[in-house]
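Welcome, and thank you for taking a look at this one. Please keep the sequence and the 3D view side by side as you read.

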Amino acid sequence: MTVQVLADTAASGTSVLAYIPSPPQGVWQLGPLPLRAYALCIIIGIIVAIWWGDKRWQARGGQQGAILDVAMFAVPFGLIGGRLYHVATDWQKYFGAGKNPVEALYIWQGGLGIWGAVFLGGVGAWIGCRVYRIPLPALGDAVAPPILLAQAIGRLGNYFNQELYGRETTLPWGLEIYPRFDANGDPDPMNGVSSGVVLKVVQPTFLYEMLWSLLVVFLLVQIDKRYRIGHGRLFALYVAGYCVGRFVVELLRDDEATHIAGIRINSFTAALVFLAAIAYFVFATRGRETPAQLQPGAMERPWPWQLAELRRVGARSEAADAEPGVVLEKKSDTEPVEPAAPGKDAEATAAKESDAAGVNESEATGDKDPETGDTTPEAESSGTGATESGDSGKNVT
């Protein structure tokens, strides 16, 4: 990051102030295509999170590609959730006199609330985990450090957009904010180009949050290596750690935001989410999942709307037990299949075994002539009776 050094020479001596300059613009035109730094940072963060998350998932015993599969659900949900939270907490930017409500859909211009992104992203991840039948808590532990790293990368997008900064300051690492104008000379903070004039010097809260996130990423990796945390507890530590940094950063900001009792709404959110994360960490299951539990198909719990179908299948299974010879047709890989009832071949085998049992019993219990060793008529009669009984058993199903 470039640091601009301003020297102010006076008769009494020389004082040096080093300020961080903001980028002159956050959008570059590549012909008809606008290249937006904010969107680029978000995309890079998502790619890094998926790549690293997949490596961590495999190291825990999971299957390669599972993180990407789940991300197909989680990422769209996360983007929608982040935008919804931003619009809900900063609605005055899009609704009211002189505002354009359609701009609430302009996600490429910045404005993603991390709280909404994590919440709805988690809903999308839950759906993906149910589809591929892998445990959501274990997946959360694998992607926790990568998600926070993606957040740190995304904060660079706020830097290019000159947003999420703090109060004015005289600290040497203060951030310079420039006014930006479009080609017609009209103010355009998002898409315009700065004139180089310093509007004010503020606390670089985007930088504070980015550095804090990187520190928490390092701590999470070390804790995971040493204690082998599982069952979603590492994800809870990620949430709690981020909330601590975000709470402090919110105290330094004075940009436009919704307040409750004079306190920024994000401060309330950070405090409540922190308490929930700590509670989960304390009461969740200790230890870590086995590699066998991470394989696709390991989770057999049905979807709520599948319960009626499973009950219907159970009824068909009971009917098959009551009516021999009925074989259930397999409808899907997840639908239980009742084994076929014994057929004619099985009946014949059972009859032969019955015959053999009868003969053996007659030989074992029949009387023999003490002189000749031949079976007495009573024994032969008993053996014949056993055989007849075995033959009659052939007709029983």
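The numbered points below go through the hairpin, the surface, one helix glycine and the cores.

1. A word on the source before anything else: this is a predicted model. Please read each point below with that in mind.

2. A good place to begin is the hairpin of E3 and E4. These two strands pair in the antiparallel sense, over 4 bridges. Val27 has Arg36 of E4 standing opposite. There are 2 residues between the strands, and in this hairpin Gly31 takes a positive phi near 70°.

3. Next, look at the surface around that hairpin. Trp28, Leu30, Leu33, Leu35, Leu40 and Ile44 form a nonpolar patch there, and together they have about 540 Å² of accessible area. Strand E3 (27–30), strand E4 (33–36) and helix H1 (37–59) each give two or more residues to the patch. As a general tendency, nonpolar side chains in soluble globular proteins are buried together. You may like to keep that in mind when viewing the patch.

4. Leu40 is a patch member worth clicking on. This leucine is found in helix H1. Is Leu40 buried or partly exposed? Leu40 counts as partly exposed because its relative accessibility is 40%, and the partly exposed class lies between under 20% for buried and over 50% for exposed.

5. Now move to Gly154, which is found in helix H4. Gly154 counts as buried because its relative accessible area is 8%, where the cut-off is under 20%. Which residues does Gly154 touch, leaving aside its neighbours within four places in sequence? The contacts are Cys41 and Ile42. In addition, Gly154 and Ala39 are 115 residues apart in sequence, yet their C-alpha atoms are 8.5 Å apart in space.

6. Turning inward, the largest nonpolar core has 20 residues, and those touching the most other members are Trp115, Leu148, Leu220, Tyr238 and Tyr242. Two or more residues come from each of helix H3 (114–132), helix H4 (136–161), helix H5 (205–227), helix H6 (233–252) and helix H7 (265–283). H6 gives the most to this core, with 7 residues.

7. To see how one core member sits among its surroundings, try Leu220. Setting aside neighbours within four places in sequence, Leu220 is in contact with Pro145, Leu148, Leu234, Leu237 and Tyr238. There is also a second, separate core of 15 residues, with Ile50, Ala66, Ala71 and Ala142 among them.

Key. Residues numbered from 1 in each chain as written. Predicted model: local features only at pLDDT ≥ 70, side-chain atom pairs only at ≥ 80, totals over all residues. Heavy atoms only, no water. Core = buried A, V, L, I, M, F, W, Y, C linked by side-chain atoms within 4.5 Å. Buried < 20%, exposed > 50% of the residue type's maximum accessible area, 1.4 Å probe, protein only. Contact = heavy atoms within 4.5 Å. Patch = residues over 30% accessible without salt bridge, like charges linked within 9 Å, V, L, I, M, F, W, Y side chains within 5 Å. Areas by Shrake-Rupley, 256 points an atom, 1.4 Å probe, with all protein chains shown as cover. Salt bridge = Lys/Arg side-chain N within 4 Å of Asp/Glu carboxyl O. Pairing = 2+ DSSP bridges.
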